[in-house]
Amino acid sequence: MFIFMILGLLAGIQAQGTPVFVQTGTDLLLDVKKPVVLKEADLFMWTVGRANVVRLAHGGKPTISPNYKSRAELSAQTHSLLLKNVQKRDSGVYRARVSADKDITVAEYSVTVLDPVSGVKLTVKLCSSDSTKVTVICSTEDSLISSTFTCDTQTCSHEGGERAEIITPSASLDVYLERGSVICNHSNQVSSTRDIQKIEDFCRKPEEISGVGFSICRLKIYVVSIGLVIMMCAVISVHVVEKLKKKK
């Protein structure tokens with residue numbers, strides 16, 4: 001009984017056809033791998049679910065369903081189907097069949113139309129005082145994930161993290177280390193976006209990043225100090241001059 005259940009499950013998976021993922025707004029070409037030769041009274045058709053997309057009788061011209069007018073084309077040579085500007089509603093199981101004495105399926109595809117993923121942003125949530133531990137947040141429009149990295153003078157290791165929200169179905173959100181950089185990656189089967197930053201830059205102070213912050217502060221101190229010395233010298237000089245005048 002268990003073996004029959006496994007065989008039935010495998011048959012159900014195979015019946016769904018070859019998986020195809022396509023981005024919203026693009027064109028999709030569904031091929032027929034084997035040559036199709038129609039005999040008299042034969043009918044060739046592409047269907048999605050129970051709906052017809054296009055039909056072709058022996059010696060005739062393709063008849064395209066009203067729902068696919070100006071969006072579907074059938075190749076007379078290969079019998080491949082071209083769908084233009086696909087939308088999410090076009091997702092489904094597409095079958096190419098020859099209807100004669102019995103129906104013969106010559107191509108089958110499980111099509112999923114997906115939107116491209118949104119952009120990502122990598123930000124610092126927490127940085128230790130000695131800059132050896134940093135927690136970053138990798139976020140998108142509808143989800144975020146946080147991860148903590150511990151670093152020494154040479155390498156960084158991933159300590160762990162937590163996913164705060166459930167991301168969009170069929171998409172993945174990951175944050176990881178690669179060659180000294182933290183990479184935040186948002187992807188699905190048709191697109192991907194990423195934000196990359198050097199881990200050594202996360203905990204550096206603005207003056208360290210610019211390389212001039214401390215110099216400007218010290219310059220201000222020097223200028224003020226010199227100014228005070230000059231003022232004190234001027235006051236002493238005036239006082240000495242006045243004393244000399246009185247003696248005379």
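The protein chain holds three helices and 16 strands, where helices (H or I, at least four residues) and strands (E, at least two) are DSSP runs numbered from the N terminus. This is a predicted model, in which local features need pLDDT of at least 70 and side-chain atom pairs count only at pLDDT 80 or more, while totals for chains, interfaces and linings use all residues. Residues are numbered from 1 along each chain as its sequence is written, and side-chain values use heavy atoms, with hydrogens and water left out.

Of the 248 residues in the protein chain, 31% are buried, a term that means under 20% relative accessible area, with exposed set at over 50% and partly exposed in between (1.4 Å probe, protein chains only). The chain exposes about 16800 Å², of which carbon and sulfur atoms supply 58%; accessible areas come from the Shrake-Rupley method with a 1.4 Å probe, and for residues only the protein chains shown count as cover.

One open sheet has six strands in the order β1-β9-β8-β3-β4-β5, with mixed pairing, two strands being paired if DSSP finds at least two bridges between them. Because β1 (18–23) and β5 (63–64) stand at the edges with a single partner strand each, one side of each is left without a neighbour in the sheet. Strand β1 runs parallel to β9 (residues 103–114) and is joined to β9 by six bridges, and Phe21 has Thr112 in β9 as its bridge partner.

Asn188 lies in the loop between β15 (181–187) and β16 (192–198), and this residue counts as buried because its relative accessibility is 14%. Leaving aside residues up to four places away in sequence, Asn188 touches Leu114, Asp115, Val117, Ser170 and Ala171, where contact means heavy atoms within 4.5 Å. The table gives two polar contacts, each a pair of N or O atoms within 3.5 Å; within protein, one must be able to donate a hydrogen and the other to accept it, and residues adjacent in sequence count only if both atoms are side-chain atoms.

| Asn188 group | Partner atom | Distance |
|---|---|---|
| Asn188 side chain | Asp115 backbone oxygen | 3.0 Å |
| Asn188 side-chain polar atom | Ser191 backbone nitrogen | 2.9 Å |

Cys138 and Cys184 form a disulfide with sulfur atoms 1.6 Å apart, the rule being a pair of cysteine sulfur atoms within 2.5 Å. This pair links distant parts of the chain, with Cys138 in strand β11 (residues 133–139) and Cys184 in strand β15, 46 residues apart. The torsion about the S-S bond of Cys138 and Cys184 is about 65°, so the disulfide is right-handed, and both Cys138 and Cys184 are buried.
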